[in-house]
Amino acid sequence: MTKNESGARRAPPLAVALRHVAYEDLGLLEPWLVWRGWRVRYIDLGLDELCGWDALAPDLLVVLGGPLGAEDDDDFPFLAEEVRWIRARLDAQRPTLGICLGAQLMARALGARVRPMGTKELGYFPLELTPAAAGTPIARIGAQPVLQWHGDVFDLPDGVQSLARTPLCPNQAFMVEDHAMAWQFHLEVAPSRLERWLIGNIDEIRACGLRPDELRRQARAQEAGLQQAAAAVMQAWFERLDL
């Protein structure tokens, strides 16, 4: 517990993560938040009802990834409510982070289109940071390779700029002022927990002409750098938000 200006004790800040599949969790971000004194809660979409929560209540909302499409409302009706939740957060300028599918849902909530790339981007690759990334938290990634695992790309919402790209995907990150950040890539995945991803996606891995051992090797090689980059990006963002 911490104290407010009147001296009364108040609860630690709350981070809520919207989770679409069990193995796509907060990863490296969870121990970082806990170390800073945050409480962490998950809402499991398809199991938990969003209607029992106040979208604006969490001090931080993280919208995680998943194998479904950002516009698959016919198959997954909860997506429409999830987009309304995200839009409410963005309209209220409440801190919100979207990762992979979460970034696509943020783009959709802001009126942008999400579309298939026509190919899969899978593996650990460096980003090309755009000039607009200078001075933003995204710049703290530098040359660190990050995990790509997607077949869709978001168009940019009106008024925002692409902060990173790869040869296959022109829009890899954006920010909405200081309160919202979107990553098409995965900076959060703990390499030590990648095995769950490999088990859950073995057909997709093979379809891309890859083998699990290659992704394991890449993950081990990038583990220390990813931990440092994830912490640096979050620290820079939280400093902007005064969290």
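Tutor: Before we start, a word on labels: helices (H or I, at least four residues) and strands (E, at least two) are DSSP runs, numbered from the N terminus. Also keep in mind that this is a predicted model.

Student: Got it. Where does Gly135 sit, then?

Tutor: Gly135 is in the loop that links β8 (128-129) and β9 (146-154).

Student: Buried or exposed?

Tutor: Exposed, because its relative accessibility is 60% and the cut-off for exposed is over 50%. Its C-alpha lies 9.6 Å from that of Ala236, with the two positions 101 residues apart in sequence.

Student: Let's talk helices. How do α2 and α3 cross?

Tutor: Helix α2 covers residues 78-91 and helix α3 covers residues 101-109; their axes come within 9 Å and cross at roughly 70°. The two helices are therefore roughly perpendicular to each other, as angles of 65 to 115 degrees count that way.

Student: Which residues make that contact?

Tutor: From α2 you have Leu79, Glu82, Val83, Ile86, Arg87 and Leu90, and they meet Leu105, Met106, Arg108 and Ala109 of α3. By type, the residues of this contact are seven nonpolar, no polar and three charged.

Student: And how many residues of α3 are buried?

Tutor: Eight of its nine residues are buried, so α3 is largely enclosed by the rest of the structure. The buried ones are Leu101, Gly102, Ala103, Gln104, Leu105, Met106, Ala107 and Ala109.

Student: Met106 keeps coming up. What does Met106 touch?

Tutor: Leaving aside residues up to four places away in sequence, Met106 touches Ile86, Leu90, Thr96, Leu97, Gly98, Phe174, Ala180, Met181 and Ala182. Met106 counts as buried because its relative accessibility is 0%. One of those partners, Ala180, is 74 residues away in sequence, while the C-alpha atoms of Met106 and Ala180 are 8.9 Å apart.

Student: New topic: backbone oddities. Where are the positive phi values at non-glycines around α3?

Tutor: Cys100 is one, with a positive phi of about 55°. Cys100 lies in the loop between β6 and α3, and it is buried, with a relative accessible area of 4%. Gln93 also has a positive phi of about 55° without being a glycine. Gln93 belongs to the loop between α2 and β6 (96-99).

Student: How accessible is Gln93?

Tutor: Gln93 counts as partly exposed because its relative accessibility is 47%.

Student: What about glycines?

Tutor: Gly111, just after α3, has a positive phi of about 95°. A positive phi also follows α6: Asp242, just after that helix, is at about 60°.

Student: Since you mention α6, where is its kink centred?

Tutor: On Glu223; the kink in α6 (residues 212-241) is about 55°.

Student: Now the core. Which residues of the largest nonpolar core touch the most other members?

Tutor: That core has 50 residues, and Leu97, Trp149, Trp183, Phe185, Leu187, Leu194 and Trp237 touch the most other members. Helix α6 gives the most to this core, with 10 residues. There is also a second, separate core of 30 residues, which includes Leu18, Val83, Met106 and Val176.

Student: What surrounds Trp183?

Tutor: Trp183 is in strand β12 (residues 180-183) and is buried, with a relative accessible area of 0%. Not counting residues up to four places away in sequence, it touches Leu29, Leu97, Gly98, Ile99, Cys100, Ala103, Ile138, Gln172, Glu188, Val233 and Met234. The C-alpha of Gly98 is 6.1 Å from that of Trp183, though the pair are 85 residues apart along the chain.

Student: And what does Trp237 touch?

Tutor: With residues up to four places away in sequence left out, Trp237 touches Leu60, Pro95, Thr96, Leu97, Pro137, Met175, Asp178, His179, Ala180 and Met181.

Student: Last one: Pro67, buried or exposed?

Tutor: Pro67 is exposed, with a relative accessible area of 59%. Pro67 lies in the loop between β5 (60-63) and α2, and it touches Val21 and Glu24, not counting residues up to four places away in sequence. Its C-alpha is 22 Å from that of Leu226, which is 159 residues away in sequence.

Notes. Residues numbered from 1 in each chain as written. Predicted model: local features only at pLDDT ≥ 70, side-chain atom pairs only at ≥ 80, totals over all residues. Heavy atoms only, no water. Axes fitted to C-alpha atoms, helices over the stretch in contact; angles between N-to-C directions. Parallel < 35°, antiparallel > 145°, perpendicular 65-115°, else oblique. Contact = heavy atoms within 4.5 Å. Nonpolar A, V, L, I, M, F, W, Y, C, P; charged D, E, K, R; others polar. Buried < 20%, exposed > 50% of the residue type's maximum accessible area, 1.4 Å probe, protein only. Bend = angle between axes of the 7 residues up to and from the residue. Core = buried A, V, L, I, M, F, W, Y, C linked by side-chain atoms within 4.5 Å.
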